[in-house]
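Visitor: I would like to learn how to read a protein model. Could you take me through one, feature by feature?

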Amino acid sequence: MSSGDSLGDSTMQFGRETRDKYYLLHKEKTLVNHGSFGAVPRPVYEQRNTYIELMEYEPDAWFRWTVDDTMLKNRDRVAQFISCDPEDVVFVENVTEAINDVMWSLPLTKDDGVLVTSVGYHAINITATEVCKVRGATCHKVPLLFPLDSPGEILTPEAMVKLYADCINDHPDIKLVIVDHITSSSALLMPVKEIIKFCHSKGIEVLVDAAHAPGQIKIDMQDLDPDYYAGNMHKWCHTPRGCALLYIAKRNQNKMNPIRYSKFQYRNLWYRFTSQGTRDHTPYCCAIAGIDFLNMCGGLDKVTAYNTSLRDKAQELIATTWGTPILPVTKELTAPFMCLIMMPDKYHDCPQTDDVLDKIAHKIYKEYNVLTAVVSHQGRMFCRIGCNIYNTIEDYERLAKVVLEWDPRKHGL
Ligand SMILES: Cc1ncc(COP(=O)(O)O)c(C=O)c1O
């Protein structure tokens, strides 16, 4: 796939042309880590600026008589996007906030357990640990190990479901399971539907951390039936940062409260969560613009065709250049727009602390203008790449070259 391939019936040329026309991204930098913080396309950026100007032009009119209706229209569109009743979804600033809201609302006691995994996002595992500590409950962490030392072995969705099932069967105190829809540092697309089904058969509630899901996979609340589902619109669904959805199944809504009470606490679920005093609501008002941009690109199927094909080609190119393996998981378990490739041998002797991983990414960025995420699993370092409509295979060729060239030993690492 070279720069500027066109797919389907849209006239939009993904790759360099899309990047130059639709993104504000620095032209001289190679950016292959969309997953961490997203990037806002121009039409959405301009829509947000329009709302900011409205807010500044007439602050009272905006906050008292405009913003509620604007947010509600956006909520309705998000509900349609994830196939749920609009009354079951609220806006929050990000998944960190959403998961804290849910966790601190749950009536956990000393007899209860919560299940997380070793590949869960730090902030979420910390929240589960701290809430359990305060409530006297137990936080169980299931270790999710990759067969890195068993060539030919590969992790499957069935093995993943079994891992959860075994742990749940071993710990009858578990009342809540937190499962990622797409994991962060390992970029796994988890078999959430099957995990939810199993948990419900045991009377266990499920909270889905879907930080990376909206815009990367089709989401259908009626089909999944989670108890709680928290997803960022600002990673892959093109909105400004500070726009996330929290779905709460009707059966659980009475017990849910945001961690901050507002003057609307005694109104309905929507007001409780979304009206949190005076703040900038403009990211929430751009959910429609984000979904419209996705549609302007030709929709999720067309974007997936480009990004997933680029992911596969990039993964193969990088692994071949470095002579290293990819993460041993099946294609079904790999996130559509992200994947991992083990880094060359010289990186594995570095201390694998968060600090060092970040230092490596930062030094490579400063020296070569190439931005990637460096992650660690079981003592091995990996690049996690993200592929989006503004990327081309040349971005990954450059990444492959500079990681091979750069030497951590020359930088005291
Ligand atoms: C799996 C996962 N959960 C939660 C988060 C937190 O998202 P946010 O920073 O938007 O709160 C992230 C962020 O990258 C993530 O990858």
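**Reading the model**

Guide: Ser 83 is found in the loop between α4 (59-81) and β2 (89-92). Keep in mind that this is a predicted model.

Visitor: What is the phi of Ser 83?

Guide: Ser 83 has a positive phi of about 55°, although Ser 83 is not a glycine. His 238 can be read in the same way. The phi of His 238 is near 70°, again a positive value in a residue other than glycine.

Visitor: Where is His 238 placed?

Guide: His 238 is in the loop between β7 (228-232) and β8 (244-248).

Visitor: Is His 238 buried or exposed?

Guide: Read the relative accessible area and compare it with the cut-off: buried means under 20%. His 238 has 4% relative accessibility, so His 238 counts as buried.

Visitor: Let us turn to the ligand. Which residues come nearest to the ligand?

Guide: To read a binding site, start with the residues around the ligand. There are 13 of these here, and Thr 96, Asp 209, His 212, Asn 232 and Lys 235 come nearest.

Visitor: How many residues of each class does the shell around the ligand have?

Guide: The shell has four nonpolar residues, six polar ones and three charged ones.

Visitor: Which atoms of the ligand lie opposite polar side-chain atoms of Asp 209 and Asn 232?

Guide: Look for pairs of N or O atoms and read the distance between them; the cut-off for a polar contact is 3.5 Å. For Asp 209, a polar side-chain atom lies 2.6 Å from a nitrogen atom of the ligand. For Asn 232, a polar side-chain atom lies 2.9 Å from an oxygen atom of the ligand. Asn 94 also has an N or O atom in its side chain that is 3.5 Å from an oxygen atom of the ligand.

Visitor: How much of the ligand does the protein bury?

Guide: Taken alone, the ligand exposes 390 Å², and the protein buries 89% of that.

Visitor: Which pocket does the ligand take up?

Guide: The space taken by the ligand is the largest pocket.

Visitor: Now a polar contact within the protein. What does the side chain of Ser 105 lie close to, at 2.7 Å?

Guide: A polar atom of the side chain of Ser 105 lies 2.7 Å from the backbone oxygen of Asn 257. Ser 105 is in helix α5, which covers residues 95-105. The relative accessible area of Ser 105 is 15%, so Ser 105 is buried.

Visitor: How far apart in space are Val 131 and Met 103?

Guide: Set the separation along the chain beside the distance between C-alpha atoms. Val 131 and Met 103 are 28 residues apart along the chain, and their C-alpha atoms are separated by 6.8 Å. Val 131 lies in helix α6 (residues 122-135). With a relative accessible area of 0%, Val 131 is buried.

Visitor: How many residues along the chain separate Leu 31 and Asn 391?

Guide: Leu 31 and Asn 391 are 360 residues apart along the chain, with 7.8 Å between their C-alpha atoms. Leu 31 belongs to strand β1 (residues 30-31). Leu 31 is buried, at a relative accessible area of 15%.

Visitor: Where is Ile 174?

Guide: Ile 174 is in strand β5 (residues 174-180). From Ile 174 to Asp 111 there are 63 residues in sequence and 8.9 Å in space, C-alpha to C-alpha. Ile 174 has a relative accessible area of 3% and is buried.

Visitor: How far apart are Leu 106 and Glu 93, in sequence and in space?

Guide: Leu 106 and Glu 93 are 13 residues apart in sequence and 20 Å apart in space, C-alpha to C-alpha. Leu 106 is found in the loop between α5 and β3 (113-117). Leu 106 is buried, with a relative accessible area of 5%.

Definitions and conventions: Residues numbered from 1 in each chain as written. Predicted model: local features only at pLDDT ≥ 70, side-chain atom pairs only at ≥ 80, totals over all residues. Heavy atoms only, no water. Near = heavy atom within 4 Å. Polar contact = N/O pair within 3.5 Å; in protein donor to acceptor, adjacent residues only side chain to side chain. Areas by Shrake-Rupley, 256 points an atom, 1.4 Å probe, with all protein chains shown as cover. 1 Å grid on protein atoms, 1.4 Å probe; cavity = no way out; pocket = protein on both sides within 12 Å on 5 of 7 lines; lining within 4 Å. Sits in = over half its atoms within 2 Å of the grid points. Nonpolar A, V, L, I, M, F, W, Y, C, P; charged D, E, K, R; others polar. Helix = DSSP H or I, 4+ residues; strand = E, 2+ residues; numbered from the N terminus. Buried < 20%, exposed > 50% of the residue type's maximum accessible area, 1.4 Å probe, protein only.
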